[in-house]
Amino acid sequence: MAAQTEESDTAREQTKAEQDVDQVRQRAVRDQQRLDSGALGAKDLENVQRELASLAKRQSDLEDVVLDVMERREAAQERAAELSGRVEAVQSETAAAEARKTEALEAIDAEGFTVAKEREVLASAVPDDLIKLYDKLRAQGGGIGAARLYQKRCEGCRLELNITELNEVRAAPANQVVRCENCRRILVRTADSGL
Ligand SMILES: [Zn+2]
């Protein structure tokens, strides 16, 4: 924005400087016409000639001003163009990232929907009191209500079960719900439980 302001400021400055040159030039044209008319007396002739010389000097000075302004304006234009290019690049990167985000969110939503459906089907096959216990433990256990017992270790709290605990789990019938003595989560026995 600053570069664009600089650009429009120098554009205005250039117009003003060109108008100044134009005024001096018109005045010189009028003086020249008076000279050419041949109607001037000796004294006026001298005055007009002197003024023409001073107008020529003034015009040259003002033209230098115009050139200087034009150079500054060109630099400002280049800078503004370069910066708008960068703004456009960043905007398109942002748009691409937004699109990726939307896509990812849609995928997450779809997965969430599928998982919720699957859970519903699985939960309908589990006794109500066990589901209640599981949901309670899940709320207490940071979203994890049941954990795999893997190589003598509870994967919920990562602690290894001691001999007594292992013996109890080992002795428990397959349909009995066993729990971790440490974190109280439901332990899921598999072939890799180390029992
Ligand atoms: Zn545990």
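R73 is partly exposed, at 24% relative accessibility. The model is a predicted one. The exercises start from this residue.

**Exercise 1. Find the salt-bridge partner of R73, and state which elements the pair ties together.**

Step 1. Look for the partner. The side chain of R73 meets that of E7 in a salt bridge, at 3.4 Å from N to O. This falls within the 4 Å cut-off.
Step 2. Place both residues. E7 sits in helix 1 (residues 2-37), and R73 in helix 2 (residues 42-124).
Step 3. Draw the conclusion. The two residues are 66 residues apart in sequence, so their salt bridge ties together helix 1 and helix 2.
Step 4. Put the pair in context. The whole structure holds 17 salt bridges. In general, oppositely charged side chains can pair when their charged atoms come close.

**Exercise 2. Examine the pairs R50 with E46 and D68 with R72: where do they lie, and how many residues apart?**

Step 1. Take R50 and E46. Their salt bridge has an N to O distance of 2.9 Å. Both residues lie in helix 2, four residues apart, or about one turn of the helix.
Step 2. Check exposure. E46 is partly exposed, with 47% relative accessibility. The cut-off for exposed is over 50%, so E46 stays in the partly exposed class.
Step 3. Take D68 and R72. Their closest N and O atoms are 3.4 Å apart, which makes a salt bridge. Helix 2 holds both, again with a spacing of four residues, about one turn.
Step 4. Add their accessibility. D68 has a relative accessible area of 38% and is partly exposed. R72 is partly exposed too, with 32%.
Step 5. Extend the pair. Through shared partners, salt bridges join E13, D68 and R72 into one network.

**Exercise 3. Characterise the zinc site: which protein atoms are donors, and what is the geometry?**

Step 1. List the donors. They are the SG atoms of C154, C157, C180 and C183, lying 2.3 to 2.4 Å from the zinc ion.
Step 2. Test the angles. The four donor atoms give angles of 105 to 116°. The tetrahedral class needs all angles between 85 and 135 degrees, so the site is tetrahedral.
Step 3. Read the spacing. The donor residues follow C-x2-C-x22-C-x2-C in sequence.
Step 4. Place the outer donors. C154 lies in strand 2 (residues 153-154), while C183 lies in the loop between strand 3 (178-179) and strand 4 (186-189). The pair therefore ties together parts 29 residues apart in sequence.
Step 5. Contrast their exposure. C154 is buried, at 0% relative accessibility. C183 is partly exposed, at 21%.

**Exercise 4. Inspect R185: is it buried or exposed, and what does it touch?**

Step 1. Locate it. R185 is in the loop between strand 3 and strand 4.
Step 2. Assess charge pairing. R185 is buried and has no salt bridge. The nearest side chain of opposite charge belongs to E155, 11 Å away. That is outside the 4 Å cut-off.
Step 3. List contacts beyond four places in sequence. Among them are the zinc donors C157 and C180. L137, I144 and V178 are also touched by R185.

**Exercise 5. Trace the surroundings of G194: which residues is it in contact with, leaving aside sequence neighbours?**

Step 1. Place G194. It is in the segment after strand 4, and it is partly exposed at 29% relative accessibility.
Step 2. Name the contacts. Beyond four places in sequence, G194 is in contact with Q151, K152 and R170.
Step 3. Compare sequence with space. G194 and R153 are 41 residues apart in sequence, yet their C-alpha atoms are 8.5 Å apart.

Notes. Residues numbered from 1 in each chain as written. Predicted model: local features only at pLDDT ≥ 70, side-chain atom pairs only at ≥ 80, totals over all residues. Heavy atoms only, no water. Donors = N, O, S within 2.8 Å, 3.2 Å for Na, K, Ca; no water. Tetrahedral: all angles 85-135°; square planar, octahedral: opposite > 155°, others 65-115°. Buried < 20%, exposed > 50% of the residue type's maximum accessible area, 1.4 Å probe, protein only. Lys, Arg positive; Asp, Glu negative; His and termini not counted. Contact = heavy atoms within 4.5 Å.
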